[in-house]
Structures are given as structure tokens and as C-alpha cells.
Amino acid sequence: MSETYTFTFMKEVSSLLHAADGNPFPMCVQCGTCSGSCPVAAYMDYTPRQIIAMVNAGLKDQVLESNTFWYCASCYQCTVRCPQGISITELMYALQRYSIWKSRYREGLIGPSFSEAFAKTIVRTGRTFEPILAPSYIFKFKLGEFFREIQNATELMIKGRLPLLPPRIKRLENFKRMIRRIIPMGGVE
Amino acid sequence: MNNEQFEPTIIGFTCNWCSYRAADLAGTARMKYPPNIRLIRLMCSGRLDPTFVFKALTGGADGVMITGCHPGECHYLEQNYKALRRFHLIRRTLKGLGVEPERVKLVWASAAEGVKFTNEVKNFVEEIRALGPLNWGGVGGNGHPIAAPITEEVPA
Amino acid sequence: MEKIGVYVCHCGTNIAGMVDVQQVAEWAAAKLKRRGVVIGRDYKFMCSSLGQELIEKDIKELGLTRVVVAACSPHLHENTFRTACKRAGLNPYLCELVSIREQVSWVHTDKDQATAKSMAVVSGGVERVNYHAPLEPLKVPIHPDTLVVGGGIAGIQAALEIADAGYKVYLVEREPSIGGHMAQFDKTFPTLDCAACILTPKMVQAGTHPNIELLTWSEIEKVDGYVGNFSVTIRKKARYIKTEDCTGCGICWEKCPKKVVDDVFEAGMGMRKAVYTPFAQAVPKYPVIDRPNCTYFIKGTCKACEKFCPTNAIDFNQEDEIVTVNVGNIVLATGYETFDAKRIAQYGYGRLPNVVTSLEFERLCNAAGPTNGEIVLKDGKTKPKAVGIVHCVGSRDKNYNEYCSVICCMQGLKFAHLVHERTGAEVYNFYIDMRTPFKGYEEFYQRVLEEGTHFIRGKVAEINDAARTPDEEGKLIVQVEDTLVGVQMRIPLDMVILSVALEPRRDAKETAHKFGLSCSADGWFIEKHPKLDPVSTMTEGILIAGCVQGPKDIPATVAQGAAAAARALGKIHAGEIALEPFRASVIEEKCSGCRICNGLCPFNAILFHEDRMVTEINPALCQGCGTCVAACPAGAIVGTGFSNEQILAQIEGLLLLNVGEEAVPA
Amino acid sequence: MKEYAYFPGCSLEKLAVSYHTSALETTRKLGVKLKELEDWNCCGSTTYFHIDELLAYTLTARNLAIAEKTGLDVVAPCSACFKNMYFTAAHMKGDPDLAEHINFALEEDDLHFSGDIRVRHLLEMFAQDIGPDEIKSKITHPLEGMRIAPYYGCQILRPRRDHEEIENPRYFEDLLSAIGATPIEYSLKTRCCGGSLIISSRTAALTMVRNLLQCARDQGADVIATACPMCQVNLECYQQSVNQEFGTDFSIPVLYFTQLVGLALGIPKNKLGIGKELVSAMPVLAAR
């Protein structure tokens, strides 16, 4: 079945970038520098370049169904090399936000839940509880994954490198009120 | 019209070799700037007699933009430096007369700098808009919107 | 009272689409009647012959004494309308062209405001034209000699055209030989002519032409004067060779013990001696001694060249010589430099030995180059089995140069063909877009496709030597997305050629300043008009040709060289040139002898008569900038074309719409 | 004595505690004072940008505002924290509307950030502010013969574009030379370690760690020096997983550069947190 071009998706995504500098996505000339540079490209459903083309063409469903932007490692290699000055990493973040807000992402992806869990911890305590190894979210998803990491975790615990209680900041009430001034509903809580 | 915005009138003096061509380039490239500025071509910014500036400011202009070649790039070797000196003199005099010296601006723009010219005009219009209509201590001044052509015949 | 005609041009829809031209014309006729306007007309194309006839007819029938045309920039059509006036018997300088296209319709977006501004602009023109005076153009004689700066193919072509027409040319080149970049190339696309075979005959012609004086190993110090009569100071750097005695036999460089890496001609790929000519067919044949590298100049002993020279032509005591030449026209053909590939660190140039630039590869496959044309790896013997050619290195990239370097696609195809033909290696071209627009180019692309070169659409992300698989061991790994399949590829190669961007000369700005020209933001010299006058500049009498104006291939370069020559010849032939008669003069009775103006003129046109205590301006030296006019406290200096009265009137006219009727001066 | 405002970040509390202690020990020895920010909060790492861009900037702006009050340059040892601070400061300076919005939120904690602060990474502080010459002059136990792979990682360099040599920086090498070690040349020194990708795509992340370890070992590295807790954890704690996944036998100690500088300054190993690593550095350090 053939498709037709719609540009609302591109405009919606563009509007999610408040502060990021960089040129508009339609300036992309599809040279592939981003995807040639990306260390994760081989594991993505579509390369970052293809995602830009798909966003520009309005293929919203395919984009949101893909794992590409959840696999971005935030290494910014694409961004600094882009000959058109497009902030590709920021586009990936914008797509993640879009996806979370619309609660539309592919079944089984860990990224969205992790991000939400991580964000909640910060909003509640002002600090994080060792993100990489915190079992709560891993447990929720892949038991196997967790057991694979447990060996590491135990060793780290022995070496005194894992905290037992989550840390908190002192002026937590101010902090929470501060967050409410940005997100009135209290954010992701 | 809601909230009538003050539309300043600005006279721009341009050099035949650089900034006038920058203005031409802005046109050729279809860049956009507000219509508040009206340009006069001189052969060189060095030709700028301070009288011209005072004539413009007393005759209804709210601001004057003087433009010339970048230092070191004057078509007549070094005459833009003389424009620079006169520019400072003009600003001092205006201050003495109780007029905001910021109403006169000096901009260097080469023939290639259509973008710079456009941006400078845009900024200057906003700067003058922020200053409001020129007021010579309550004497004269202008309040006519620029888009209102005179309908009466101009006398001889 | 003057009788003024106002003519407003539609320029098709260019003006009429944003300005109500009819309203402007009618308004001028009705409201500026008492300012002298007797007729206001609008017309589709004022610059057309019918449009011009309209003006001519009105001059004759209505007895117009002044004309105001509101149309495009005076830099485009001022002359057209002046000529029309002249045909109708009106002095051409009584015509004023005001711009409502570049300065109104093209830059504004509100039709009412644009129309109002057009009225103001017309009114400014009307007030100004009242004070115009009839003038005669200034005739300046043209010196018949021409200076050509830069001895590459553009400069050689220009010099030969002018010399063949019978006029003298000084051809200045900073290197020891003429020839430029083209002399470094092996083959030229798309015909694969040997570059030396087609270039050297022209070099020899230029070297032996009775009308061409070659000044190689020389640089421009200073340029004075103006069109028709430039005075140019040239530094002839010391060659330490008596050229009148030297036969170019070559014994000196054979005997010279000092080897130096040749960064210029061999692009760092080969060696030369401290006394050298850059290549065998150098013109002139005389060598130069490279003073910073010469053992004698460093240590005070050696003089091997002097001992063996059969004609005693070595002279260690030579000094730089300063010569001054007078010329009527100057052609600048100073060419380009190549992009420094080290700036893109991820391509590994300088770190990975078999990553070479396009210029280095030209030397590598040149039969007269350091490997005698053998395409081999850095070890000097291994033939590559797989070669990559990377397009757009430093071009089409906002991090480096935004422009397209024009020649790289065709150059990449040429390299692909040469590698294929001489080594049988697999060749990969990595491109963003293939651009093969001129005669025979697309056909060449087809030919290379047929030869089996692989074309990968994707800008190379990085080149490294970190092997991940046994296949990659010891190879250069090019990492790139094949954008046509959407897969990241790693391609193990033996050699990678970087098609580096063409860039302006490092000293382009300095050169431009010396000759009173300007550079674009990229650094290329700006032509008078990008389409219609690509070889002229804003400075009358100074022409540009070749890559100094922007990247281009050899055919376009040669065409520009010839075009610049034609321009110069036209002026030389006319013998004189008409200049704007905008000059300053002193009204002696008004001059108080205060001498304020005396120090202002950079052209020394102002002189003071001590006896009469008055200043005088030499019209032959005056360039018409008007700085002294603006400075004179007594108003004793008048400037034609841009008098105080004219400008003050124009200011009044421009502001007419802003003031009430009562404030309008009578 | 030179003084910096110090933002340790969450990881240095426990997971990278040896980075924290060695940073404090070495700077004290070098005559630089690190003044920890009072009541700092988590900067949100990169993850907060997945939720809300404005809140992500606000979280960092709070720390910046606290730091600004000290009037000192602020230094962050973690590359993600550094990147967030550097760009939040830059964006707030360049975009008054953004600054106004964020400062409105900061009022709740009686804070205000004006944008006038210099943000430095701890590695930049050592390698550029203090400088290799100064450090070299204080070295008592040069790490002679130790072949160290300097690992820059991502966010200390990118996405800054104003940075002259983001593709081939040299200052880490210069620092390692200054402490007497031999920095090795390997082409992946600025490539990504996988970051938090281990959570979303284990295979991709382990491959990236493998490639880095491989490249460093191929060039003969005894130790990998890092300047970021995330990089350290990925390269060290997942070596075992990499070995299981790919059948390799990596056992390369991964130390913080501050630990190495500390050794060269003659600080006892236990004070530098050496011994807390999962891949023991003892075989390499045995002779020292």
C-alpha cells in the first residue's frame, strides 16, 4: 500500500525541542554520516538517518514502533559530525519524550520503563539510587537479565560500592515545589 | 489596528562599493527586513557630512544608520576611518543636544554581507522602536505612521 | 522650474507584485506637481526598448529637463536610462535611477508599506534630480600593458590571449615556474588527456612569447593608481642564479647534496634538491636556490652548485629586486589551495599512512611523479587490492566549507578509472550526490559504472585501523552507512583517497586588500555580477579568472582566462575609458585656506598654494570619494554628482511623507 | 590556593567512591581545594531528557545556582553531569526566555542562576587548569613503564562543537606522560562505552565494551584510565559478561585517572580506593 506525505508529525516533534540548538530536521541531506558514526546502528530497526527521513515524511506509526531512539547511547558522535548541523541526539530525546507522553512504544522495550523509574526516583528523593544496577526496573522486566547481573551486584556490595538506602537531599520540599513549577501535575509521579 | 505600534523612520547612508551592494544582495537573495529604513547612496562613507545626519533627524527621521566598508577595506583606502571619527563626533553632539546618541548607528558591511545588513537593519529598527519617536525637547518630531501616504499635493 | 518625468517600472511582477506601481506613478504626477513633476507613468519593463522609447518620446514632446526612473538597482540599469536620455538630447547625468526592487519589493512583505516606501523613494529622487547638473563623462587613457597575477592555466590563457593580440603582458608567478596546479596532474577528465601534454606547449608559448615578460619567483608588493594607469610594485625574490648566464643544464641540482621534501609541487610525496626547478618542463628553465634549506646559506660552506656550474651562473650575493611596472588592466588568477585533511581527525589523514589526499594521489599516479606513475602503498611496492575514494572531504559540510568544490565527483571518477586500469583493484566511490553536469561528464560516469566501480551512497563516517575481524587485520576500515540499503558497513581497504575541498588561498584576504577587492564569506573573490559579469570586479580595471573566483574545472578556468583577456583587450583597444565624472573641486573665492582638507586625501589630489593661501584639487588624481567635500567648513569644496544640495534634497524628499504639509520647504 | 566548587554527582557517593576519595586526595596534594556543593541534587543524567527537557535543565540549574553562589568555577568528575552543567549554563545564557522560566522554578528554593559560571570537567581541571608541567613537578613516584590507555569517552568532549579537537584530543595523553606513564595510541579512545545502553540493549552495549577492550589490549594497554563513573563501570564490571558472551579472556584493570595521578604523587593505595575494583589492579601495581 502506498503512503502519502504528512508534515504534522515533523512539526510536533520539532516543537518538543525547547533549548537545543541545531538546524531543523528538513535540512537533512541524507548523507548518512550519523548512521555511519553510530555505535549502535547495527542494533537499530532503522538507522538514525532513516528515522530523520521517516519523521520528515510523517511516518509516525513506524517511527514510534521502532527501537531506534530507545537504543541511542547519547554519545553525540552523530551530532558533532553532522555536516548539516542537525542535533540528531536531541531528536532522539524528543522522540523518547513524544513516545512516553503518548504512551506509545513497542512492547518489551526496557528503555521507557527505565526512564520513568529513574525519573521518579529523582523527583521523589532528589538523588538517584545507582541507576545501572537498581533491580526494581530490571526485575519488572527480565528476570534472566537480573540474574545475570546479580553476580556483579553481589561483588560490588562486598567491595562497598553499592548503597543500601536511597540517599535524599535535605531541602526536598523546596525541590518538589520547584519541580511543580515546571510540571504542574507533579511530573511523572 | 490593535495597540498601534510605533513605526520609526530611519535614513540609511550607504557606501556605493560595499553596503549599497550588500543591500542589493539582500534584495537579490530575497531576505526580509522592515520597511522603516530608506537608503541614500554615497560614493563613500567618508562623504558623510554630519549636516546630513542632523538634517535627517530634524526633518522627521527617528534614527540614522551610517554604513561603510570594514576597516582596512575602504574602496578609497582609509576614508571610512574618517566616517568613524565623524560618527563619534555626531554622537557627542547629539548627547549635548539632549538626544539619545543611540539614534545614530555605524555599521560596517561588505558587499558580501547581505545577511549582516539585513540583521543590522532589523535590530536597529527595534532599537529605535524601543527609544520611541525622536523628541527635540518637545519641538517638532514626528508621529505619522509610515504607511500613510500624503494625500495633499506637495507645494512648490 | 524643472520639468520632471517619473517612470515606475513593474519589472514584470518583480516590483508590481509587492508595490502598487500605478498608484506610485499617479501619486507622483498628482502630488509632486509643484515639485516639478509633469508626467508620471508606469510600465511593464522600463528597461525594454519600448520602455526607453517612452522616456525619449516624453523628453522630446513634453520638453522634460529631468528624469527619475524607479526600477532596479542603479548598478544594473543606470547606464541604460542615461543612454536613453542622451539619445533624446538630454544630458545623461540629468537622469536619476532609484531602486524600488532590491530595496523595496524584494525585501518587504506588506504591499501598503512597500507602496508607501516606494513613494518616499521616488520623492527623494525627485528632490535630488532638481539639483543635478549636466556633466560630461571623464575620459581616462588606458595604458596598453597588462599585468596577469598567477601563472596557472587561467593566468597563462589570459596572458597568451592578450599577447597574441599584440599587447604587452607581465605574467607574475610566486613559484619558480609557471604551470600551477594543472602541471601536477596526471590525466584530465573526462577525456583523459595527459595534463602535461596539453599544458606544457602553452607554458612554452608563454615563456617565449615576445609580448610576455615572465616574472616568476616574484610577488606583488603594492598596487597604486586606478583603471588605465596602475603602478604595480613587484618583488623579484633572489634566485641566486644569473638567468642571463644559466642554460638550465641541470648540473647544479644534480650536484647539490641537500635533499628537501617537496611540499609544493610533489605535495609532500617526493624530494627535490635545495637548488631546483619544480619539474622537468619548468618554464622558465632556470632553477632557484631555496635559501632556508641551502647548506651554504645555513653553514657557510658547500657551494657545490657554484663549483660545478659550467657557465658560472650561480650568484650567492643576489638580493631581492623591486621593480615597478605601469599597466592599464590587471588580471588576478591566483587560484586555490586544497583543504587540510588533518582537520577531519576521524579520517586518520596524517596518522594512517595509506590515507592520501587527491593532490597526493595525482602525484602518485603521475608518470613523472615520485613512483613513476606506479599506484603503490606507502611501502613503495605493494599494489593495493581495494581502494576507496571519499567525496566531499571538507566540502558541503557546515563544520568546514559549505560550498560544493565542483571538481571532486569527476576527479573521483577519474581516479576510479585510473586505479582500475593500472591495478585492477576493487574501487569504491563514497558519495553524497553524484554531480556530473558538463559536456562528456555523464558519459564518463557511465563508463566508470561499466568498469565495475562500486558506488556507495553515503558520507564516510570514519576511517580507522582498529580491526574487529581477521579480514580487517592490517587494513584501513572505512565505516559508512550505505544509505541506499540503510545498513552500516565496514569496508576493509588498502588505500583511501580523500577528495579534498578547494579552498581560497590562505593569503586571499591580503591579496584582495592589496588590489582593493572584496572576498565573499567563504574567501573567494567577488565578481561584479554572478551571472552576467563573472570576470569583472567592483574595481574598474581589475579582472579575475579561474578558481580565485570560486571552485571550477579546467574548461571553465580556461574560458574565464580568455574572457578576462577579452575584457582587457576591449579597453586597451578603445584606448580610453569613460568614468563617472564625480570629482571634487574647490571654489577658490570660498576657500579660507584653513587646510583642514589637506591631510584627508589618500590619493594626494589635494595641494595647497602657499602663495595664494588656497587649496586646489587635482582632478586627474581625485577619485571622487567626497571626504574632503564633507570636511570643508566653508563649503568651498563641491563634489559633482553627490553635492550637498543633492543629498540634502534627497533626505528631504525621503522624509516628505513623515511631515505635515506646512513643514515642506517651499 | 586554587579553589573549585565541586559537584560529585550520585555515582561518586558509592559506586564510584574510589573516584571521589582519590579526587579529594590528589587535589589536596596538588594544592587545590574542592568545595562540595551544599545539598546538591541528581542532575538527571541523560535519562531525564527522555521525560522532560525543561525539567532536565531545571534539575541541573539548581546545582549551578548553588555553585554560582560560591563565586568559584564548578568542576564535575562525571562526564554526564559535566555535559548537563556545561550545556544548561550555555543554553540559559543564550536563551533568556528559558532562563526566566527556570529561574521562576528555582525561586521555590530561594535560588537564581545568572549564567556566569565556568563549568569544568575534573579531567580538564587536572590536564588543563593545573596542567601537566605543574603536576610533573610534584611527582615522586613516576609510573614508569606503565602502558595506560587514556579513555576519554563521549560527553566530556561532545556535543561541544567549539572544541578544537573533539575527534582527536591530546590532553589526557599529556597528563599521563606527566605522571611518567606511557599513554598508548588506540583509535577508539573517544568512542562510546555504551553508557546506560546496558539496560535497553545488553548485546549492543557488551559489543561496544568488547570493541574498546579489544582495541586497548591490541595496543598493549596494562591499564585503562577513565574519567567518568559510567565508563568505569561499563568497562570494568562488564568484562566478565563480555568474556561469557564472546568467549574472550579480558582482564584489564580500569582505574580512574585520579587514582593513577595519586599513585604517582606517592599517596598510599588504600587512600585512593584501590582494591575496590572488580578486576584487580594489583598485578599491574605490584611493583609500586
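This report describes a predicted model, beginning with how its chains touch and then turning to chain A and chain C.

## How the chains meet

Of the 4 pairs of chains that touch, the pair formed by chains A and D has the most contacts. Chain B, by contrast, is not joined to chain A by any contact, and the closest C-alpha atoms of these two chains lie 17 Å apart. Chains B and D likewise have no contact between them, with their closest C-alpha atoms 17 Å apart.

## Chain A: a chain of helices

Chain A has 10 helices and 0 strands, so that its pattern, when it is read along the sequence, is α-α-α-α-α-α-α-α-α-α. The chain holds 189 residues, and buried residues make up 58% of them. When contacts between residues at least 6 apart in sequence are considered, 63% of those in chain A join residues that are at least 24 apart. The surface that chain A exposes comes to about 8300 Å², of which carbon and sulfur atoms supply 57%.

## Confidence in chain A

The mean pLDDT of chain A is 80, and 78% of its residues reach 70 or more. Among the elements of this chain, helix H2 (residues 33-37) of chain A has the highest mean pLDDT, at 97, whereas helix H8 (residues 135-141) of chain A has the lowest, at 43. Over residues 131-144 of chain A the pLDDT is below 50, and this stretch has 27 contacts in the model beyond near neighbours in sequence. The pLDDT is also below 50 over residues 185-189 of chain A, a stretch with 7 contacts beyond near neighbours in sequence. Where pLDDT is low, the predicted coordinates should not be read in detail.

## Chain C as a whole

Chain C contains 17 helices and 34 strands, and its C-alpha trace spans about 90 × 70 × 40 Å along its principal axes. Of its 666 residues, 59% count as buried, while the chain exposes about 26500 Å², with 51% of that area supplied by carbon and sulfur atoms. Among the contacts in chain C with a separation of 6 or more, 69% come from residues 24 or more positions apart.

Chain C carries 71 positive and 80 negative charges, and the mean positions of these two sets are 2 Å apart.

## Strand S25 and its partners

Strand S25 (residues 476-482) of chain C is mostly covered, with 7 of its 7 residues buried. In a regular strand the side chains alternate between the two faces of the sheet. On one side of S25(C) are Leu476(C), Val478(C), Val480(C) and Asp482(C), on the other are Ile477(C), Gln479(C) and Glu481(C), and the residues of both faces are all buried.

Strand S24 (residues 462-464) of chain C runs antiparallel to S25(C) and is joined to it by 3 bridges, with Ile463(C) having Val478(C) as its bridge partner. S25(C) also pairs with strand S26 (residues 487-493) of chain C, in the antiparallel sense and over 7 bridges, and here Gln479(C) stands opposite Arg490(C). The hairpin of S25(C) and S26(C) has 4 residues between the strands, and in this hairpin Gly486(C) takes a positive phi near 70 degrees.

## A buried serine in strand S27

Ser499(C) belongs to strand S27 (residues 495-500) of chain C, and it counts as buried because its relative accessibility is 0%, which falls under the 20% cut-off. Leaving aside neighbours within four places in sequence, Ser499(C) is in contact with several residues, including Ser358(C), Ile389(C), His391(C), Cys392(C), Cys408(C) and Gln411(C).

Key
Residues are numbered from 1 along each chain as its sequence is written. Chains are lettered from A and ligands numbered from 1 in the order in which they are written. Side-chain values use heavy atoms; hydrogens and water are left out. pLDDT is the predictor's confidence in each residue, from 0 to 100. Helices (H or I, at least four residues) and strands (E, at least two) are DSSP runs, numbered from the N terminus. Contact means heavy atoms within 4.5 Å. Buried means under 20% relative accessible area, exposed over 50%, partly exposed in between (1.4 Å probe, protein chains only). Two strands pair if DSSP finds at least two bridges between them. Accessible areas come from the Shrake-Rupley method with a 1.4 Å probe; for residues, only the protein chains shown count as cover. Lys and Arg count as positive and Asp and Glu as negative; His and the chain ends are not counted. The place of a charge is taken as NZ of Lys, CZ of Arg, CG of Asp or CD of Glu.
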